[in-house]
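Please look through the structure shown here, and then read the report below with the sequence at hand. It takes up a few local features in turn.

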Amino acid sequence: MSQQALSTAQPVPLQVIENAAISVRGIVKEFPVGDGFIRVLHEIDADIRPGELTYLVGESGSGKTTMISIIAGIMYPTEGSVRVFGTDIYDLSDNQLVQFRLDNIGFVFQQYNLLPTLTAAENAAVPLIAAGVPRAEAEDRGREMLEKLNIGDQADKLPRQLSGGQQQRVAISRALVHEPKLVVCDEPTAALDAMSGRRVMDLLREVALSEERAVIIVTHDNRVFDLADRILQMEDGRITHDGKEMPDGH
Ligand SMILES: Nc1ncnc2c1ncn2[C@@H]1O[C@H](COP(=O)(O)OP(=O)(O)OP(=O)(O)O)[C@@H](O)[C@H]1O
């Protein structure tokens with residue numbers, strides 16, 4: 001039996017985008033609870049453009065992390081499809097999906113998840129080493145990415161010797177080093193002060209964005225809402241607002 005919470009959330013109509021980087025259709029997600037299950041995403045449709053910073057916002061429990069996890073191929077939906085740059089990712093076998101993620105998706109989290117015994121350059125190189133690139137070459141590319149994020153001079157330090165903002169820049173370098181087509185960020189500025197948070201968002205725009213790449217950022221951080229190109233707001237597992245700015249009253 002499905003537990004359907006009563007909700008007044010009204011979904012916005014789908015804005016169909018030609019040559020969308022990401023196309024989400026009919027996504028439903030249910031989790032088992034007790035003898036039944038609870039539906040937390042309700043037939044979500046969305047298209048995401050490349051070359052834009054798209055924010056996914058909404059109150060705690062509205063479904064943002066579930067949604068981004070499904071878009072990034074780390075959680076299977078109950079129903080529906082996700083196309084990432086033309087690939088229907090849930091039509092892939094498990095092994096193909098793992099490889100697709102390694103090749104095409106970069107992740108940035110609130111907790112930077114840096115390996116404490118590796119230097120900044122080594123941390124930035126991790127996805128390349130995982131993909132079999134020789135260590136020296138991988139580290140050189142890690143260093144180049146740190147330079148793009150203006151922390152080349154910190155390349156030989158360990159994470160604990162860096163500030164929160166610097167650690168987040170190392171984490172962004174790691175997310176971008178293998179030139180993924182899709183970059184997903186879950187609360188990337190939540191642990192940072194206002195100025196470092198804005199700087200991180202500016203850097204995501206300068207370094208992560210290109211016409212060939214989509215960047216989706218889950219955030220509650222209203223200090224950075226003005227930096228979005230597009231804001232999708234979720235409420236009770238539905239997209240209830242789609243625009244350049246937040247609706248009035250937020
Ligand atoms: N594994 C699970 N089993 C049962 N319910 C779950 C599970 N994961 C998430 N949920 C529920 O799904 C809903 C959406 O959760 P989700 O984490 O996607 O929300 P969110 O908007 O990211 O919240 P937050 O901002 O607090 O991270 C919540 O009601 C949550 O309790």
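The report that follows treats a ligand site, a pair of helices and a hairpin.

This is a predicted model, and the description begins with the residues that surround the ligand. There are 13 residues around the ligand, and those that come nearest are F31, V40, S60, T65 and T66. At least two residues of this shell are supplied by each of β2, β3 and α1, while α1 gives the most, with three residues. By class, the shell divides into four nonpolar, eight polar and one charged residue.

The elements named in this report span the following residues.

| Element | Residues |
|---|---|
| β2 | 22-33 |
| β3 | 36-48 |
| α1 | 64-71 |
| α3 | 120-130 |
| α5 | 164-176 |
| β10 | 230-235 |
| β11 | 238-243 |

Two packed helices are described by the angle between their axes and the distance between the axes. For helices α3 and α5, the axes come within 6 Å and cross at roughly 30°. Angles under 35 degrees count as roughly parallel, and α3 and α5 are therefore roughly parallel to each other. Their crossing is right-handed. On the side of α3 the contact is made by A120, N123, A124, V126 and P127, and on the side of α5 by V170, S173 and R174. Sorted by class, this contact has five nonpolar, two polar and one charged residues.

The hairpin is formed by strands β10 and β11, which pair in the antiparallel sense over five bridges. Within this pairing, L232 has D242 in β11 as its bridge partner. Two residues lie between the strands of the hairpin, where D236 takes a positive phi near 45°.

Definitions and conventions:
Residues are numbered from 1 along each chain as its sequence is written. This is a predicted model: local features need pLDDT of at least 70, side-chain atom pairs count only at pLDDT 80 or more; totals for chains, interfaces and linings use all residues. A residue is near a molecule or strand if its C-beta atom, placed from the backbone, lies within 6 Å of it. Helices (H or I, at least four residues) and strands (E, at least two) are DSSP runs, numbered from the N terminus. Ala, Val, Leu, Ile, Met, Phe, Trp, Tyr, Cys and Pro count as nonpolar, Asp, Glu, Lys and Arg as charged, and the others, Gly among them, as polar. Two strands pair if DSSP finds at least two bridges between them. Axes are lines fitted to C-alpha atoms, for helices over the stretch in contact, and angles run from 0 to 180 degrees between N-to-C directions. Angles under 35 degrees count as roughly parallel, over 145 as roughly antiparallel, 65 to 115 as roughly perpendicular and the rest as oblique. A crossing is left-handed if the near helix is turned anticlockwise from the far one by less than a right angle, and right-handed if clockwise. Two residues are in contact if their C-beta atoms, placed from the backbone, lie within 7 Å.
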